[in-house]
Amino acid sequence: DNPFTKTNRAAFIIDTLALSPGMRVLDAGCGPGRLTVPLARGVGPAGRVVALDIQPGMLARARTRTEAVGQTNVEFVAAALGEGRLPAHHFDRAVLVNVLGEIPNRADALAELFAALRPGGLLAVVEVIFDPHFQSRSSVTRLAISAGFRERASFGRSLAYVMHFEKPDGG
């Protein structure tokens, strides 16, 4: 957690998601699992978190972190967003924390996330200026809208923010 930005703190991000027991959540680009454990706790034992990352080393660190606290409701998937590996209409929530700028084909990634979310599902995009791959709010909004999402909420300011995008019920 970055001490300079509230919007990048795991607890803040989790609180904005309004998780409930039994939900399915995608931690896309999970890295070492900073959000994976609190997401898994938030959905409870009846829920499921899929921790997805392209780097096997990051998945191993996330797995170690979840095992250390006894979380058993997490599945680890080695894949890149945009490859079409995610099941359709499966997730209630998806999070992208300081990851979007690292994805070569952002349009394909957002299209896959749109397809993977259930109607009414939320995508949370978190960006902080300290990240070398920082994406502006306007570019994130443009990408999300072009994938079919609609903007639902925004927290923070232009240099550190969380944006929620909703998959419309008819989507």
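Three aromatic pairs turn up in a search of the whole structure, which is a predicted model. One of them joins Phe114 and Phe149 edge-to-face. The sheet beside these features has seven strands and is open.

**Aromatic pairs**
- The ring centres of Phe114 and Phe149 are 5.1 Å apart, with 90° between the planes.
- Phe114 sits in helix H4, while Phe149 sits in the loop between helix H5 (137–147) and E6. The two are 35 residues apart, so-called distant parts of the chain that this pair links.
- Phe114 and Phe149 are both buried.
- Phe134 and Tyr161 also pair: their centres are 6.3 Å apart and their planes stand at 75°, so this pair is edge-to-face.
- Phe134 belongs to the loop between E5 and H5, and Tyr161 to strand E7 (residues 160–166), so the pair ties together parts 27 residues apart in sequence.
- Tyr161 has 0% relative accessibility and therefore counts as buried.

**A charge over a ring**
- Lys167 lies over the face of Phe114, 4.9 Å from the ring centre.

**The sheet**
- Strand order is E3-E2-E1-E4-E5-E7-E6, and the pairing is mixed.
- Strands E3 (74–78) and E6 (150–157) form the edges, each pairing on one side only.
- From one strand to the next, the twist averages 15°.
- E1 (residues 24–28) and E2 (residues 48–53) pair in the parallel sense over five bridges. Leu26 stands opposite Val50 in E2.

**Helices on the sheet**
- Helix H2 (residues 36–43) lies across E1, E2, E3 and strand E4 (91–97). H2 runs at about 160° to E2.
- Helix H4 (residues 106–116) packs on the sheet and touches E1, E4 and strand E5 (117–128). The directions of H4 and E5 make about 140°.

Note on methods. Residues numbered from 1 in each chain as written. Predicted model: local features only at pLDDT ≥ 70, side-chain atom pairs only at ≥ 80, totals over all residues. Heavy atoms only, no water. Pairing = 2+ DSSP bridges. Helix = DSSP H or I, 4+ residues; strand = E, 2+ residues; numbered from the N terminus. Axes fitted to C-alpha atoms, helices over the stretch in contact; angles between N-to-C directions. Contact = heavy atoms within 4.5 Å. Phe/Tyr/Trp six-rings, centres within 6.5 Å; stacked < 30°, edge-to-face > 60°. Buried < 20%, exposed > 50% of the residue type's maximum accessible area, 1.4 Å probe, protein only. Lys NZ or Arg CZ within 6 Å of the ring centre and 35° of its normal.
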